[in-house]
Amino acid sequence: MLNARSAMNVKKCLVASGVLIAALIPCIAAAALGEPEASVQTDALQLRGSIHVTEHASYRLHEIQLPSGTLVREFVGADGKVFAVAWRGPAAPNLRQMLGRYFEPFAAAAGAHRTGHSHLQIQTGDLVVQAGGHMRAMAGRAYLPAGVPNGVDLGELH
Amino acid sequence: MRALLIGLCTALCLSALGCGGGHDGTSLSTGLGGGSPPAVSNVVSVVVDAGPTSTSLDANTLFTTVTVCTPGSTTNCQTIDHIQVDTQSFGLRILAPALNLALPVQAAGGGASLLECTVFVDGYSWGPVALADIKISGESASSVPVQVIGDPNFSNVPADCSGQAPTEEDTVAAFGANGILGIGVFDQDCGTTCVTTADNGFYFACTSTLCQPTTVALAGQVTNPVSLFATDNNGSIIELPNVAEQGAATLTGSLIFGIDTQTNNASGTETVLTVDPQAGYLTAIFNSQSLTMSFIDSGSSGIFFTDTSIAQCTDPSFSQFYCPASTLSLTVTLQGANGVSGEIGFSVDNAQTLEANNPTFTALPTLAGTYPTPGSFDYGLPFYYGRRVATALENNTTSLGAGPYIAY
């Protein structure tokens, strides 16, 4: 179950963004994966997308529709933290924004293990990144295995 | 795969590409000359070899040679070898260190230059959009928007680009080729999204201090050169010989331009698989699963799919490749958006054994590995071995029907 506090934080941030975008910054973290749910708002702002939220049994799903046509999905667990992000569409999203503090370890691991232009699988520390596709068709996900709620099939995280 | 391929490059300079000419030599256009009528050639040689560097991913990589000229010039030209042939990207991109010509960079208004961020799954490539006349075999196209990757005059990569993929691929070594010739089913690399949407991920208007996302008209986008050829411009055919299961040191074949435009590119009884007009996907049915985000890709270096029953390699250098105890014979059914399907048999060999037995081989038809995202079967260059595979462009029709389609 999602706790009420994280939902309130989201509401506060939404109100703040309506007044002054700068006011949003202090109340939320810089990026999404592994961060509090409110950081999804930052992602949406930074990625210049619009959010749609739906409730699921074990997580809350934020869908961010990007101007490029790519759909980003961010999965928030009962602890109020983002445990997975996924994307699909014609252009890759800004993964540095979506992965936050996990981006640099991801990039380092990817640079050390090259498997070609069409796909990528990285497992480093507590992070898994899986991506594939080609020009005009990108898909992938990044998740924190330890943060995936019990009972959630990895197949749902796309 | 790096370990598999180290040291191969030095061994190989025996292709029709003429490595001796090198990518650093500027050559004059030969013109018509001689008095005898020139053959109207729509065929260029393609080769699988170790590529221009010894440090890149070199297995199952197809290359050709391309001549570029500054627009309107017949003398200010350069012939560049080891341009990768890629049926899942669109447009010509050249690595700046391999290019000796100063191609005119396109303006983006307000004194800004037009820059592009090309994103492959494993990396991003940054550089200006410039115009070039392109000559391949007897085909030519004028003032084609191309990308110059890694141009030192535009070295500040905006975060909106570098954040899209983990690795910068702006050198020949990192990119694995002197350039890439995208001849897939689409005319432009981005298409209509970039006409209407600035935040498209592809294009940026840059001054010396600032890069901002920008829209670009279709004609200004990096464009599949085939679509701009004066003739033979409705698609292309890649024809490669069969390769023995254990592989081959190198392989030479043909890239033929046009479909049903000359006697050498006539259609017959091919299986025609139309692809979806947005992403270029087709469907693969494998192990009873329908994988709707699948593709055939000359730019992929193996056969990549998920089958948890196949042992993966234990050597970290071969991580994510398959290493079955003995050769596996498998089948996949490819199905087009038009409902047409065909069953394809293929073999999967032990990647570590392949390398150990023939460490200098670069054409490996049975090299296979895992594909990380669900719903996809990525049938790479091995699909083209022993086949004649046509790629029909969008907005074009052949005797077999309307593109975009793949036929074999």
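The domain assignment divides chain B into domain 1, which covers 2–28 + 38–228, and domain 2, which covers 265–407. The structure shown here is a predicted model, and these two domains offer a convenient place to begin. Between the C-alpha centres of domain 1 and domain 2 of chain B there is a distance of 24 Å. The two domains touch each other, with 29 residues of domain 1 of chain B and 27 residues of domain 2 of chain B taking part in the contact.

On the side of domain 1 of chain B that touches domain 2 of chain B, the elements that give two or more residues are helix 1 (2–5), strand 3 (77–86) and helix 5 (225–228) of chain B. Sorted by class, this side of domain 1 of chain B consists of 14 nonpolar, 10 polar and 5 charged residues.

The confidence of the prediction should be kept in mind when reading chain B. Its mean pLDDT is 90, and 89% of the residues of chain B reach 70 or more. Residues 1–39 of chain B, however, have a pLDDT that stays under 50. For this stretch of chain B the model has 70 contacts beyond four places in sequence. Helix 1 of chain B, at 2–5, is among the elements named above for the side of domain 1 that touches domain 2. For the model, the scores are ipTM 0.87 and pTM 0.88.

Attention may now turn to chain A. Its secondary structure consists of 5 helices and 7 strands. Followed along the sequence, these elements of chain A occur in the pattern α-α-α-β-β-β-β-α-α-β-β-β. Chain A has 158 residues, of which 52% are buried. Among the contacts in chain A with a separation of 6 or more, 44% are between residues 24 or more positions apart.

The remaining subject is the contact between the two chains. To this contact chain A brings 37 residues and chain B brings 45 residues. Where on chain A do the elements lie that give two or more residues to the side touching chain B? They are helix 4 (95–99), helix 5 (103–112), strand 5 (119–124), strand 6 (127–134) and strand 7 (137–143) of chain A. Of these, strand 6 of chain A gives the most, with 5 residues. By class, the side of chain A that touches chain B comprises 14 nonpolar, 19 polar and 4 charged residues.

Definitions and conventions
Residues numbered from 1 in each chain as written. Chains lettered and ligands numbered in written order. Predicted model: local features only at pLDDT ≥ 70, side-chain atom pairs only at ≥ 80, totals over all residues. Helix = DSSP H or I, 4+ residues; strand = E, 2+ residues; numbered from the N terminus. Buried ≥ 20, exposed ≤ 12 C-beta atoms within 10 Å, placed from the backbone. Contact = placed C-beta atoms within 7 Å. Nonpolar A, V, L, I, M, F, W, Y, C, P; charged D, E, K, R; others polar. Domains from an automatic or database assignment. pLDDT = per-residue confidence, 0-100.
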